[in-house]
Amino acid sequence: MGVVHGEEMVLNIGPQHPSTHGVLRLKVKTDGEIISEITPVIGYLHRCFEKHCENMTYDQVIPFTDRCDYLAAMANNFGYVVAVEELMELKVPEKVEYIRVIMAELQRIASHLLALGVYGLDIGAFTPFLFMLRDRERILDMFEMTCGARLLYNYMWVGGVSHDLPKGFVETAFQFLDYFEPQIEEYNKLLTYNKIFIERTADIGVLPQDVAISYGVSGPNLRASGVKWDLRRNDTYSIYEKFDFDVCIGDGGQGTLGDCWDRYYVRMLEIKESVKILRQALAQMPKDGDVHQALPKKIRPPKGSIYSRTETPRGDLGFYIESDGSPIPTRVKMRSPAFTALSVLGELAGGWMMSDVISILGSLDIVLGEIDR
Amino acid sequence: MSVDTLFDFLGSIIPAMEGSGLLLVIAILIPCLLLFLVVAVNAIVMVYAERKVAAFMQDRVGPMGQGVGLHAGKWGLLQTVADALKLLTKEDIIPKNADKLLFILAPFMIFIGAFVTIVAVPFGENVIVADFNIGIFYILAMGSLGVIGIILAGWSSNNKWSLYGGMRSAAQIISYEIPAGLSIIVIIMLTGTLSMQGIIQYQAGGMFNWIIFANPFSFIAFFIYFISVVAETNRTPFDIPEAESELVGGFHTEYSGMRWSFFFLSEYANMLVVCAVAAAGFLGGWHSPIPGYFDSNGWGVFWMMSKIVFLIFVMMWFRWTFPRLRVDQLMNICWKVFLPISLINIFGVGIWTLVFG
Amino acid sequence: MSKYFRDIYESLSTMMTGLGITWMHMVRIRKNNVTLQYPEEKWPRPERNIGFDHSNYNVIRTKLHVDIDDCIGCLKCERICPVQCIKIVTEKAPVRGDDIKDIGHVGVTSNGSRKALVVTRFDIDMTECCYCNLCTYPCPEECIYMTGGPNADKHPIDYEFSEFDRSDLIYRFAKPGTKEGMNEVLSKDGAES
């Protein structure tokens, strides 16, 4: 008697789907409900970002970097601007550094709130999504106050920022932080420690440390597997060494180390750490200073190339810029953290059920704009 | 009882046709049409209530309309009417390779499953279309017809996702009928009768005579029954078959327009039926909680409806609070948690009645 | 075995906590409501105002507007636009700083600079515009700006500019008839001199 083989079904979680975070196509081979193989197909959102950059001056590239990872646009701006300034060996005034850190940390909170809310939505909890978006709106209001835009800012320029913080920004920010910290407790009670949520996410999609490191995963996904690696500590840029914050790693609180619950929880902890950094930065920021002081008249970096990386909410964003002395870069390459996170999906999802794949995909927090550029 | 009284009444006002078969048919049709009206109005009100309850729990206001003209009335009362009109005017798409007959038949099967059970539900002291002496047994049996409709919908859409949804749903509904039925047995053991009116009459005399308070085991039985019927009507946290983020729409993905609204009409009708059974069986039916207080004949409908509305509200409350369970966890809970507890309940109620009389 | 009972207990307790939170939110809806009922209520809502009216914003991103009388035709905005949505064509004015009445050309801007060029075409394709605001910074006369906000005294705020036809979204700021009028003026000048 041989083994009875069931038919393997090839399913398509198509480009249009409520819970693939963008236009992503997943080719899934299943046997009944159990998945045997997943192949992501990307490229639906490719907009030739890197080719565009070869035809524009350095400051014209900044609105385009916004649109790559559109949910954390400040972080993209920051990464690019740090790279160009390092190439030009330009030093920015201290107030500008503080403003950049404040904006980047606010953006981190906003992006994590969205990631967590949408993850809850994929799991089926509709209410935490709306609560988190309500709080994210307050952060976007603060951004609107400063640079006029809510999602795609074009705020951080080479050598400075586009506008100084408006009067009353610091008070509003402190008000927001005082309002927001108890809300984190509410989210924990409503979703994080909810038994049904724990059943859906704990012990699922376990990413072992060595697999994570070999794939190049970074950011909260890596930290949830227990690796203490944060670019704000390990490869410091800007003024992050002045602030006192912990690097949060997962600890297998409700199951194995590196499962989906850990990735969710690390993001929740990072929000708390960002609040800490924000309080310190807002208190220590110099009150006066000209933010336009170091803006160069013409951005002409010397001949050479540079690769520099920063820590975005999704991980380790790298920019490789090559210049030949003219105002237009020869080559700009963006290394996106979500791309590596998506590539590790194939490793994680074998052997789980269909609902678990959705759960794992949500916990990796990918943004197709960044993957496809 | 209503059908008989209506039959005699009609016979008395139209002496020419008294006692004829045609009059009997008319006497049956009129309450059924009234019931259909009740179901339709119930659906309209519940869709609106669901959206408002969802909105209030999420710190927003839901459908509103503050002006006249194109807006949906103040407080958005006309929202469901607007939705119904929109659905009526939608294009009726049947997928090319779908099994056409089954595709068209499926929504009707589900609706029949829900509607056929409503005839045995008591809404008031004399307000019941058919007072069977096997009332509750009939409701449980006929409630299972809905599964056929779901499987047909999933199969005939010629879509792998719908098939998944249909299969999951069928497994879920069939499994959860068992704890529900076993909890009903607790009621039957205490009251000794299967007839709905008989069960309600057993609970006369105020709140502490209700079956839910008779016995700690029947208290637990109420919760087991309630959660089982939340699973049977495919509501969150058990709404895997229509899980929007996973299967786009589950078994009703390929349906559009009025056919799709039939699925939801029958889901709400199902909710009405199971909440009515819970109210009648455990919460005292059309009796008022305090004897003698608003207890006269007309008030029965009011008490019954308020208990049903409360239970439906609790179902909506569950939907907007909890995440979804995965299919195997769902089955796990049914077979490994609810079934043993229901069996222990039956045992416990028996012992309790024996010991304490 | 004890895990079984602990699971049941944990499920019930976390469910009760969750239900409590949503109940509290539901009964406090009047205080907590965050919906802005557009179009009856427009931004910003006074009760929820974070203390800023849009006239207090540093910078705003709305519809672009050009005060064509102030434009000196330097083409800085056209060069810096990342998506090349601004198209400007200029002609040399016969006399610098003079008004040309036939086409409505004003010779001196409101800042006092004398114009050497006549702008015959100034088109902004709003369907291409990415609202990055880069064009507003280099303008020496500050004649291109986004309406409302800090520019509210020059032009009231306008962010509801949807059209039925896509070609209506190409804004032509040059005064109509400028090109033909200039051709006439130049040919007249040429004939004269």
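I call a residue buried under 20% relative accessible area, exposed over 50% and partly exposed in between, with a 1.4 Å probe and protein chains only.

**Ground rules**

I am working from a predicted model: local features need pLDDT of at least 70, side-chain atom pairs count only at pLDDT 80 or more, and totals for chains, interfaces and linings use all residues. Residues are numbered from 1 along each chain as its sequence is written, chains are lettered from A and ligands numbered from 1 in the order in which they are written, and side-chain values use heavy atoms, with hydrogens and water left out.

**Entry: A:N77**

I looked up A:N77 and found it in helix α3 of chain A, residues 73–88. Helices here are DSSP runs of H or I with at least four residues, strands are runs of E with at least two, and both are numbered from the N terminus. A:N77 has a relative accessible area of 0%, so I file it as buried. What does A:N77 touch, not counting residues up to four places away in sequence? I noted A:I62, A:T65, A:D66, A:N154, A:Y155 and A:M156, with contact meaning heavy atoms within 4.5 Å.

**Entry: B:N159**

Next I went to chain B, where B:N159 sits in the loop between α6 (146–156) and α7 (160–191). B:N159 also goes down as buried, because its relative accessible area is 16%. Leaving aside neighbours within four places in sequence, I have B:N159 in contact with B:G154, B:T253 and B:E254. I checked B:T253 further: it is 94 residues from B:N159 in sequence, and the two C-alpha atoms are 8.7 Å apart in space.

**Entry: domains 1 and 3 of chain B**

The domain assignment splits chain B into domain 1 (1–38), domain 2 (60–89) and domain 3 (96–356); such bounds come from an automatic or database domain assignment. For domains 1 and 3 of chain B, I put seven residues from domain 1 and ten from domain 3 into the contact. Their C-alpha centres lie 29 Å apart.

The area buried between these two domains of chain B is about 810 Å², and carbon and sulfur atoms give 75% of it. Buried area is the accessible area (1.4 Å probe) that two parts lose on being put together, summed over both.

How many salt bridges are there between domain 1 and domain 3 of chain B? I count zero, a salt bridge being a side-chain nitrogen of Lys or Arg within 4 Å of a carboxyl oxygen of Asp or Glu. I also get zero residue pairs in polar contact there, with both at pLDDT 80 or more. A polar contact is a pair of N or O atoms within 3.5 Å; within protein, one must be able to donate a hydrogen and the other to accept it, and residues adjacent in sequence count only if both atoms are side-chain atoms.

On the side of domain 1 that touches domain 3 in chain B, α1 (2–13) and α2 (21–57) each supply at least two residues. The largest share, four residues, comes from α2(B). By class, I log that side as six nonpolar, one polar and no charged residues. Ala, Val, Leu, Ile, Met, Phe, Trp, Tyr, Cys and Pro count as nonpolar, Asp, Glu, Lys and Arg as charged, and the others, Gly among them, as polar.

**Entry: chains C and A**

Last, I looked at where chain C meets chain A: 29 residues from C and 34 from A are in the contact. Together they bury about 2700 Å², 60% of it on carbon and sulfur atoms.

I count two salt bridges between chain C and chain A. One salt bridge joins the side chains of A:K195 and C:D7, at 3.2 Å, N to O. The polar contacts between chain C and chain A come to eleven residue pairs, both at pLDDT 80 or more.

On the side of chain C that touches chain A, α1 (2–27) and α3 (76–80) of chain C give two or more residues. α1(C) gives the most, ten residues. I wrote down the classes for that side of chain C as 17 nonpolar, seven polar and five charged residues.
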